[in-house]
Protein chains: 2
Amino acid sequence: MHHKFAKRASSVTSSDMRIILTAGERPELISLAGGLPAPELFPIDALKAASEAVLTEEGAASLQYSATEGYTPLRKIIIGRMDAIGIPVELNQVMITSGSQQAIDLTGRLLIDEGDTIICESPTYLAAINAFKTYDANFVEVEMDEDGMIMEILEKRLQENPNAKFIYTIPDFQNPSGRTLSLERRKRMIELANRYDVLILEDNPYGAIRFSGTAIPPIKHFDTEGRVIYLSTFSKIFAPGLRLGWICADEVFIEKYIGLKESADMHSDGFAQRLTAKYMELNDIEAHIEKIKAVYKERCTAMVACIEQYFPNDISYVEPEGGLFIWVELPASMDSRKIALACLENNVAVIPGAAFFANKAQTNTLRLNFSNTSEARIIEGMKRIGEVLHRELNEITITAGTTTR
Amino acid sequence: MHHKFAKRASSVTSSDMRIILTAGERPELISLAGGLPAPELFPIDALKAASEAVLTEEGAASLQYSATEGYTPLRKIIIGRMDAIGIPVELNQVMITSGSQQAIDLTGRLLIDEGDTIICESPTYLAAINAFKTYDANFVEVEMDEDGMIMEILEKRLQENPNAKFIYTIPDFQNPSGRTLSLERRKRMIELANRYDVLILEDNPYGAIRFSGTAIPPIKHFDTEGRVIYLSTFSKIFAPGLRLGWICADEVFIEKYIGLKESADMHSDGFAQRLTAKYMELNDIEAHIEKIKAVYKERCTAMVACIEQYFPNDISYVEPEGGLFIWVELPASMDSRKIALACLENNVAVIPGAAFFANKAQTNTLRLNFSNTSEARIIEGMKRIGEVLHRELNEITITAGTTTR
C-alpha cells in the first residue's frame, strides 16, 4: 500500500528532544530538560472547589458545545489582565485558544503562504518553528545580545526581505535564551514594523513570571496601528494541562482566527474555561503568581550559583529576570548534543541548544530549566553537568594538544 | 496598514449557518438547527465525583503538560470500545484529539497537498469540507441513496480520479442525511479502495447512538491493508464541551499524527482526559448510552410523526436508525434558504441543506436536529415549519399558475 502523505508531513519525525524528554521519566535522573511549571504549586484544593461550583451552577453549559471565540467571562478576565500591563482591548479583540501553541499554529494558518518569510530571533522557540514549517515558511534569523533581538540587524533583514510576513518575538525571558528585549528596543521594533509595514507576533507566555528587575510594557503597548498580534497563556501562571491560551489582536484578525479555529477544533474545552474563570473569581490569582515567582527566583538563583561553582570558567550565560530557563554558551569547540548525551549517562537531562535555531544552529549551546526541579535536585543536577563539562573540556584540550604536536 | 493574510484565510467569513445558530439564543425560538446532544442527559453528579477523585488521586499530573498521544488509561478504554465493534487495535494505533474536529483537521494536514482530490458523500459534513478547504483540497462528490454512498458512482469517480487521496465517509447516521451505509456497500468500498489504492477516512461520531435496526460493523472492520483511518469522539456519548475525540489507524499514520498534533496544540486537555477515564471507571457508560438512545429514539419518532402530520405530501425524508438528524428534501422548486429564513420569522430554526454540499448544492434540502429539543417543543417547532412549507408551496403553485396563464 502506498502511503500518500502530504509534503508537509513527510519530514515529521520523533525529535532528539523527545528522546531526552522521555528519558526524564527514570526516577534516578534529574531532568533540567523540559519547560514544565512546578506541579507542587498547582492550586489543587482551590480547583476542587471551583469544579464543584461550575458543575453545580452551570454544569450542562460547561459540558455542551460552546462559542468558538471562548467563554465570555474568561475573555473579560483576560481583558483585565491585558489592561493591567498596558494593552487596552475590547471583547471582540480576544479569542481563547487551546493553549498558546494553538495560537501560534493558527497564526501560521492565518498569515503564511508557501515560501513566505518570517523574521525570528536566533535562537527561538522550537515548537513555533515546527508549527510555521507546517505552512512552508522560510525563516530569517536576527541575532540577539543580552538585551534581545539586535535592532540594527532586524532593520537590515527587513530591508533584505521587503515581503516578510511578520516578526516573531518572545520579548520577556525568552524561550530558550531567558533574555528580555529592552524598553528602547521595543519602541524601536514598532517603529521599524510601521516603516517596513510588517506585522509583529508577540508571544508572551512568561511575562507574568518576572521575579527580579523592573517590568517593561509589552511591545503591543506601543502599537498605534494594530499590527501587533499578542499571544499569552494560563499555562505558566495556572495549569498547562487545561490547555488555555489567548490571542489579543484587532477585530479584523480575530474574525479570521475564529473561522480558522472553528475548522481546527470547534472551540477550546468549555469546562476548563469555566473552571479557570471560576478559580479566578474565587481566588486571588495575583497571590498565587507571587508564590510561583518566589519559588522560581530561589531556583534560578541556586542554578546561577551552581554555574559559578561547578561549571568551567570559559562558559557564558545570561541570568534571567523571570521565566523558566537559563541559556548557556559553551566554548565554541564543544558540541552540546554530545554533552547532552554524556549528561544523560550521568543521570541528568539537558536540552542541546541546536534545536532552537530556525536555520543556522549554534551547536555549543544548552538550555537549562529551573522551574520544575527542587533546589536540592538542581544543585545535584548541576554538579553532574559540571562533571561532564570539565571532563569534555579536558578531552578537547588533550586532543587539541595532541593535534598540535 | 496592509493585512497580508494567507490565501487560505481570505475566504474565511461568518457563515449563514452561524447566523441561524446564534438566533437559537432567543428564548421564544425553537431551534432544530444545531447538532447538539441533549444537555439534560449530561452526567453532572457523576462528573462531580470523578473530578474530586482525579484531583485527589492525581491532581498535579492532570494539570501538568502531558503526552501528545493522550492519557494511556483513556487510550486503553478506547481500545476496549473499538474492540467491541470489531476493530482490534494496539496502543500505538490510538491517539486522542481535541474533539473529532481536530482529527479531521489533522488528517487534512497529514494527507492533503494543494489541489489534491478528496472523494466525499453528497451531501457531507460541513465542518469537514471547511477543514479540508484550509489545505486547498478539491472535492469530488458521490451521490447517495437511502443506503448511503452509491458504489457504482464511487467506482466511476475513482477511475476518473486515479490520484484521489482519500474517500471521506460518515457511514452511520450521516451528518446531515441521517443515512447509513449498508453492509454490502461497506465491503464493496474496501474492495474498491484496495483496487484503486486509495485511503478511507471513516468518520464515525454517531455509531454508538443506534436506537433501532441492527448494528453494522464499521468499514475499518473489513480493512485488511491498514488503509482505513477511523475517527470517533466522546462528544455524542458523553460531553462535547470536554473536546475529546480519537483516531485509530496504523502506527505509520499515528506517528505522523503525533508530530502534527504537537505543533497544533501540544496535547489535549489532560484534566478532561483523566476526568473522562475516571468517569468510565466509576460508572457504567453503556447504561448511560442506553439512556441517550431511548430519549433520542422518542424524539426522532415524534419528529417523523410530525413530518407525516404537518408537512406537505410532496416532500421526502429518510427515517434514521440513530444519530441526531433527519434530512428533508423539499419539492425541487423550493429554496430551503428562503424557507429557513421564513422559519426564523416563525420562531423555529432549521439549517438549509445547501451548506452541506462540497460542490454542487441541492438547494431544496433541510437538516432537522431532534436530539437537543424536548418532544413537546419538537412538535410545536415542526408545526411552525409545516405552516411555512404549506404557505410557500401555495405561493409557488399560485405563481406557477400565474406564469402559465
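**Exercise 1. A salt bridge within chain A**

Task: In this predicted model, find which residue forms a salt bridge with Arg81(A), and work out which parts of the chain the pair links.

Solution:
- Start at the side chain of Arg81(A) and look for a carboxylate partner: Glu286(A) forms a salt bridge with Arg81(A), and the closest N and O atoms are 2.9 Å apart.
- Now place each residue in its element. Arg81(A) belongs to helix α4 (residues 72-84) of chain A, while Glu286(A) belongs to helix α11 (residues 285-310) of chain A.
- The two residues are 205 residues apart, and the pair links distant parts of the chain.
- For context, the structure holds 62 salt bridges over all chains.

**Exercise 2. How the two chains meet**

Task: Describe the contact between chain A and chain B: how many residues take part, and how much area is buried?

Solution:
- Begin with the contacts: 83 residues of chain A touch 83 residues of chain B.
- Next, take the area. The two chains bury about 6800 Å² between them, and 57% of it is on carbon and sulfur atoms.
- On the chain A side, Lys4(A), Leu63(A) and Tyr65(A) lose the most area to chain B, together 11% of what that side buries.
- Then turn to charged pairs: the rule finds 4 salt bridges across the interface of chain A and chain B. In one salt bridge, the side chain of Arg109(A) meets that of Asp105(B) at 2.7 Å, N to O.

**Exercise 3. The relation between the copies**

Task: What operation superposes chain A on chain B, and what surface does each copy use?

Solution:
- Superpose the chains: a rotation of 180 degrees, with 0.0 Å of shift along its axis, brings chain A onto chain B with an RMSD of 0.0 Å.
- The two copies are therefore related as by a two-fold rotation axis.
- Compare the interface residues as well. Of those in chain A, 100% are also interface residues in chain B, so the copies meet through the same surface.

**Exercise 4. The sheet of 8 strands in chain B**

Task: Trace the open sheet of 8 strands in chain B and name the strands at its edges.

Solution:
- Follow the order through the sheet: β2-β9-β8-β7-β6-β3-β4-β5 (chain B), with mixed pairing.
- The edges are held by β2 (94-97) and β5 (148-149) of chain B; each has a single partner strand, so one side of each is left without a neighbour in the sheet.
- Look closely at one edge. β2(B) pairs with β9 (residues 245-248) of chain B in the antiparallel sense over 4 bridges, and Ile96(B) stands opposite Trp246(B) in β9(B).
- Finish with a helix: α9 (residues 251-265) of chain B lies across β2, β7 (199-203), β8 (228-233) and β9 of chain B, and runs at about 25 degrees to β2(B).

**Exercise 5. The sheet of 4 strands in chain B**

Task: Give the strand order of the open sheet of 4 strands in chain B, and find which helix packs on the sheet.

Solution:
- The order is β10-β11-β14-β13 (chain B), and the pairing is antiparallel.
- β10 (316-317) and β13 (351-352) of chain B stand at the edges with a single partner strand each, so one side of each has no neighbour in the sheet.
- β10(B) is joined by 2 bridges to the antiparallel strand β11 (residues 325-329) of chain B. The bridge partner of Tyr317(B) in β11(B) is Val328(B).
- Helix α11 (residues 285-310) of chain B packs on the sheet and touches β10, β11 and β14 (365-369) of chain B, its direction making about 15 degrees with that of β11(B).

**Exercise 6. Backbone checks in loops**

Task: Where do the cis peptide bond from Asn175(A) to Pro176(A), the cis peptide bond from Ser122(B) to Pro123(B), and the positive phi of Asp136(A) occur?

Solution:
- Recall the background: most residues other than glycine have a negative phi, and most peptide bonds are trans.
- The bond from Asn175(A) to Pro176(A) has omega near 15 degrees, and Pro176(A) is in the loop between β6 (166-169) and α8 (183-196) of chain A.
- The bond from Ser122(B) to Pro123(B) has omega near 5 degrees; Pro123(B) lies in the loop between β3 (117-122) and α6 (126-134) of chain B.
- Asp136(A), with a phi of about 60 degrees, is in the loop between α6 (126-134) and β4 (138-145) of chain A.

Terms used: Residues are numbered from 1 along each chain as its sequence is written. Chains are lettered from A and ligands numbered from 1 in the order in which they are written. This is a predicted model: local features need pLDDT of at least 70, side-chain atom pairs count only at pLDDT 80 or more; totals for chains, interfaces and linings use all residues. Side-chain values use heavy atoms; hydrogens and water are left out. Copies are superposed by least squares on the C-alpha atoms of residues with pLDDT of at least 70 in both. Contact means heavy atoms within 4.5 Å. Two strands pair if DSSP finds at least two bridges between them. Axes are lines fitted to C-alpha atoms, for helices over the stretch in contact, and angles run from 0 to 180 degrees between N-to-C directions. Buried area is the accessible area (1.4 Å probe) that two parts lose on being put together, summed over both.
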